[in-house]
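Grab a pencil and work through these exercises with the structure open beside you. Try each task yourself before you read its solution.

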Amino acid sequence: LGLRPAEFWALTPAELRLMLGEQSGAPAMGRARLEELIAAFPDREAPQGAEGDG
């Protein structure tokens, strides 16, 4: 790859796999899947008095 040792060791595993031409496996999540997760796990409002009490 032509990297210096410091450059090699600074890489993340994902960056190294990308440079080696390997696929990461699962494709990135799309908008439709994100919407499914939002619907399945909605944010809940904090109970009254919970914010700023610490």
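Rings of Phe, Tyr and Trp (its six-membered ring) pair if their centres lie within 6.5 Å; planes under 30 degrees apart count as stacked, over 60 as edge-to-face and the rest as tilted. You're looking at a predicted model, where local features need pLDDT of at least 70 and side-chain atom pairs count only at pLDDT 80 or more, while totals for chains, interfaces and linings use all residues. Residues are numbered from 1 along each chain as its sequence is written, and side-chain values use heavy atoms, with hydrogens and water left out.

**Exercise 1.** Find the aromatic pair and classify its geometry.

*Solution.*
- Start with the count: the structure holds 1 aromatic pair.
- Its partners are Phe8 and Trp9, with ring centres 4.9 Å apart.
- Their planes make an angle of 85 degrees, so the pair is edge-to-face.
- Now check the accessibility of each partner (buried is under 20% relative accessible area, exposed over 50%, partly exposed in between, with a 1.4 Å probe and protein chains only). Phe8 has 31%, so it counts as partly exposed; Trp9 has 70%, so it counts as exposed.

**Exercise 2.** Work out which helix holds two salt bridges, Arg31 with Glu35 and Arg33 with Glu36.

*Solution.*
- First, the rule: a salt bridge is a side-chain nitrogen of Lys or Arg within 4 Å of a carboxyl oxygen of Asp or Glu. By this rule there are 3 salt bridges.
- Next, the helix rule: helices (H or I, at least four residues) and strands (E, at least two) are DSSP runs, numbered from the N terminus.
- Arg31 and Glu35 come within 2.9 Å, N to O. They sit 4 residues apart in helix H3 (residues 31-40), so about one helical turn separates them.
- Arg33 and Glu36 meet at 3.0 Å, N to O. Both lie in helix H3 too, 3 residues apart, about one turn of the helix.
- Arg31 is exposed at 59% relative accessibility, whereas Glu35 is partly exposed at 36%.

**Exercise 3.** Describe the salt bridge between Glu7 and Arg4.

*Solution.*
- The N to O distance is 4.0 Å.
- Glu7 is partly exposed, with a relative accessible area of 36%.
- Arg4 has 61% relative accessibility, so it counts as exposed.

**Exercise 4.** Sum up the whole protein chain: which elements does it have, and how many of its residues are buried?

*Solution.*
- Count the elements: 3 helices and 0 strands, running α-α-α from the N terminus.
- Then look at burial: of the 54 residues, 0% count as buried.
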